[in-house]
Amino acid sequence: MLLRRGPSVVALFATLPVAALALSLFAGRYPVPPGTVVHVLTGGLIGPAPAPADAPVVHAVIFTQRLPRALLALLTGAGMGLSGAAYQGIFRNPLVSQDVLGVTQGTAFGVVLGILLFGLSPAAQLLGIAVGLGSMALIMAMSRTRAGDPRLVLILAGVIASALWSALIALVKYVADPNDELPAITYWLMGSLSAASYGDVARVGTALALGGAVLLGLRWRLNVLSLGDEEARALGVPATVLRWLVIAAVTVMVSAEVAATGVIGWVGLIVPHIGRMLVGPEHGRLLPAAMILGGSFMLVVDVLARTLTAAEIPLGILTAMLGAPLFLALLQRTGGGWR
Amino acid sequence: MSLVVRDLACGYGGRTVIAGVSFQVQPGELVALLGPNGVGKSTLLRCLLGLMPLRRGEVHWSEGGRRLPVAGMAGYVPQVTAVPFAYSVRDVVLMGRARHVGLFALPGPRDQAAAAAALRRVGIEHLAGRPFPALSGGERQLVLIARALAAEPRLLVLDEPEAHLDLRHRLAVMDLLRRLSRDEGLAVLFSTHHPEDVLWYADRALLLFPDGEARDVPVPGGLDEDALARLYGVPLVRMRLNGWGTPPWVIVPGRWQGHSPEAHAPEAHASEADAPEERSRR
């Protein structure tokens with residue numbers, strides 16, 4: 001809990017996303033000088049103009065490639081950090097992420113089925129969102145039991161749902177045409193922002209605005225929810241209703257994100273831990289911090305994904321390769337205490 | 001103003017755990033709930049706080065002729081708490097304000113002030129910045145009492161507040177409860193397995209006997225050897241040690257024959273000569 005509440009941590013959280021966004025707009029395989037990027041983005045107010053011959057290409061690179069991609073990375077990462085932190089709070093378990101109830105796998109199944117039916121298209125994405133939201137209804141139906149710890153029942157229902165969706169994904173892959181459909185499905189499943197469009201940005205942005213408003217609004221209540229149902233109720237907090245509200249908010253965000261980007265793991269698991277190290281476990285501070293850290297982390301990972309090698313590296317691979325050692329370092333530092 | 005419990009019955013699934021319990025707790029009173037393990041002390045407390053449904057009877061907080069739900073008036077200190085993250089003591093106490101903070105709001109200056117006041121009332125301002133899981137058992141109990149007080153309740157309900165505490169912290173908690181009831185006018189109801197503390201501190205005791213009977217008795221008169229023996233199924237000797245400013249009560253188990261068939265019959269009472277001081281009763 002270094003830097004707990006000082007001005008330095010506020011400065012860090014103010015500059016981090018701006019710096020990451022700038023990096024994401026300035027860096028890329030097509031060389032554009034930073035001054036020219038500023039010129040194009042400000043509509044010619046500041047910075048040197050590109051050579052007239054290059055201008056259309058530079059415009060295209062910035063407005064159809066880098067900008068929507070950067071915005072999508074920022075929104076997706078912010079949503080993952082936020083929903084991961086919220087789930088770790090309501091499940092009182094630092095080892096869960098927003099994937100725990102199977103919505104990620106459900107959405108992925110919907111999109112994969114959509115790719116099989118309509119090709120990679122907005123229609124496939126909408127099918128993914130629909131299946132993702134339907135997955136939550138499935139969880140609700142499966143967890144309608146009065147016996148036992150409701151958290152445990154939910155997590156087990158999530159395990160069941162994830163297994164079901166994974167099996168269905170495997171089935172779609174099995175029947176897909178190995179020449180064109182199967183590679184498209186496999187590549188999409190690994191997660192990428194390369195197809196980012198303003199339509200994606202609008203969908204993910206809307207979901208983040210809806211879900212994020214609920215989660216940020218409830219952020220102080222999450223402290224009380226994390227104490228367990230009985231104590232929360234004794235303190236006057238309707239635990240069951242609020243838990244479903246949080247789950248609904250996360251589901252909306254996760255299904256929109258996964259439909260736009262594919263399956264990107266680790267961010268929602270690891271970002272809340274880094275947030276806790278910086279601002280402490282109190283959710284009133286942790287949720288905004290996790291949101292900012294998640295967005296910045298995703299921007300940086302995406303820059304690495306598209307600049308490290310000539311061919312783009314799928315994001316899911318990079319987040320796992322960066323996330324796993326980071327998680328190990330955290331584990332060794334905290335001894336699994338996760339405090 | 002008082003907590004009114006009338007003919008209360010409560011249970012889980014098909015099993016009724018407690019039935020026919022009636023009592024009242026007035027402001028300024030410290031009332032103990034005594035009974036063997038599993039008799040339903042926690043169930044009774046949960047039931048009157050509205051954490052589980054009533055089977056029969058009624059529970060309310062009566063104030064100026066009105067019958068108000070107990071939950072809104074009560075601060076609750078649970079028997080066990082599992083705080084999953086290293087929240088600071090200040091943050092834990094602030095959670096007691098949940099009832100007063102709007103659903104989508106953050107605690108405001110008034111809530112901060114109430115939490116600070118609760119820390120002061122319990123005498124643990126110096127712990128405010130410490131992470132809760134790093135505290136000792138005794139300190140945690142005081143923090144949970146402060147959390148309950150932060151809600152500014154009329155009634156304090158505590159489920160075995162002295163369990164797992166060393167002697168000094170046990171007395172500190174009992175002193176605090178005594179002060180909160182007598183000096184600050186709170187109605188306080190707590191369950192316990194320490195009859196000495198009840199004799200020493202409480203105004204009345206509600207005894208839950210293993211056969212299901214509940215009896216509201218005055219203290220110390222009602223908590224005699226017969227009642228204690230019936231309560232715990234063990235012969236007990238109650239003594240008062242003289243030669244002290246305020247003579248403390250001592251309760252000593254007689255020899256228990258247990259479940260062993262060879263065990264000898266218990267000796268009726270400890271001999272007078274064995275006791276260091278004179279017994280005040282009998």
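# Notebook: a two-chain predicted model

**Entry 1, a turn in chain B.** I began with the hairpin of E4(B) and E5(B), where two residues lie between the strands and Gly64(B) adopts a positive phi near 55°. I note at the outset that this is a predicted model, and I read every value here as computed from it. The two strands of the hairpin run antiparallel and are joined by three bridges, E5 covering residues 66–68 of chain B. At this pairing I found Glu63(B) standing opposite Arg66(B) of E5(B).

**Entry 2, the sheet around that hairpin.** I then asked in which order the strands of this open sheet follow one another. I read the order as E2-E1-E4-E5 in chain B, four strands with antiparallel pairing. The edges are taken by strand E2 (15–25) and by E5 of chain B, each of which pairs on one side only. On average, neighbouring strands of this sheet are turned by 30° against each other, with direction ignored. Looking at one pairing in detail, I found that strand E1 (residues 2–12) and strand E4 (residues 56–63) of chain B are antiparallel partners over six bridges, and that Arg6(B) has Glu58(B) in E4(B) as its bridge partner. I also looked for a helix against these strands, and found helix H1 (residues 41–48) of chain B lying across E1, E2 and E4, its course at about 120° to E1(B).

**Entry 3, the other sheet of chain B.** Next I traced an open sheet of six strands in chain B, with the order E6-E7-E8-E3-E9-E10 and mixed pairing. Why is one side of strand E6 (74–77) and of strand E10 (214–218) of chain B left without a neighbour in the sheet? Both stand at the edges, and each has a single partner strand, so one side of each stays without a neighbour there. Between neighbouring strands of this sheet the average turn is 20°, again with direction ignored. For E10(B) I looked up the partner, which is strand E9 (residues 204–208) of chain B, paired in the antiparallel sense over five bridges. Within this part of the sheet, Leu206(B) stands opposite Asp216(B) of E10(B).

**Entry 4, helices on the six-stranded sheet.** I then turned to what lies on these strands. Helix H4 (residues 137–150) of chain B lies across E6 and strand E7 (155–158), and runs at about 165° to E6(B). Helix H5 (residues 167–182) of chain B also packs on the sheet, where it touches strand E3 (30–34), E7 and strand E8 (187–192), and its direction makes about 155° with that of E8(B).

**Entry 5, a helix pair in chain B.** H4(B) has a helix to pack against as well: helix H3 (residues 109–122) of chain B meets H4(B) at an angle of about 135°, with the axes 8 Å apart. At that angle H3(B) counts as oblique to H4(B), and the crossing is right-handed. On the side of H3(B) I listed Ala114(B), Ala115(B), Ala118(B), Leu119(B), Arg121(B) and Val122(B), which meet Leu142(B), Ile145(B), Ala146(B), Leu149(B) and Ala150(B) of H4(B). By class, the residues of this contact are 10 nonpolar, no polar and one charged.

**Entry 6, chain A.** How many helices and strands does chain A have? I counted 14 helices and zero strands. For its extent, the C-alpha atoms fill a box of roughly 70 × 55 × 35 Å along the principal axes. The radius of gyration of chain A is 21 Å, which agrees with the value near 20 Å for a compact globule of 339 residues.

**Entry 7, a helix pair in chain A.** I chose helix H3 (residues 55–90) and helix H8 (residues 198–217) of chain A, whose axes come within 9 Å and cross at roughly 25°. This makes H3(A) roughly parallel to H8(A), and their crossing is left-handed. Among the residues making the contact are Leu71(A), Leu75(A) and Leu82(A) of H3(A), together with Val201(A), Val204(A) and Leu208(A) of H8(A). The residues of this contact divide into 12 nonpolar, four polar and one charged.

**Entry 8, where the chains meet.** Last, I looked up the contact between the chains, which takes 20 residues from chain A and 22 residues from chain B. On the side of chain A, helix H9 (219–225) and helix H10 (229–234) each supply at least two residues, and the largest share, four residues, comes from H10(A). By class I noted eight nonpolar, six polar and six charged residues on the side of chain A that touches chain B.

Terms used:
Residues numbered from 1 in each chain as written. Chains lettered and ligands numbered in written order. Predicted model: local features only at pLDDT ≥ 70, side-chain atom pairs only at ≥ 80, totals over all residues. Pairing = 2+ DSSP bridges. Axes fitted to C-alpha atoms, helices over the stretch in contact; angles between N-to-C directions. Contact = placed C-beta atoms within 7 Å. Parallel < 35°, antiparallel > 145°, perpendicular 65-115°, else oblique. Left-handed = near helix turned anticlockwise from the far one by under 90°. Nonpolar A, V, L, I, M, F, W, Y, C, P; charged D, E, K, R; others polar. Rg over C-alpha atoms; globule rule 2.2 N^0.38 Å.
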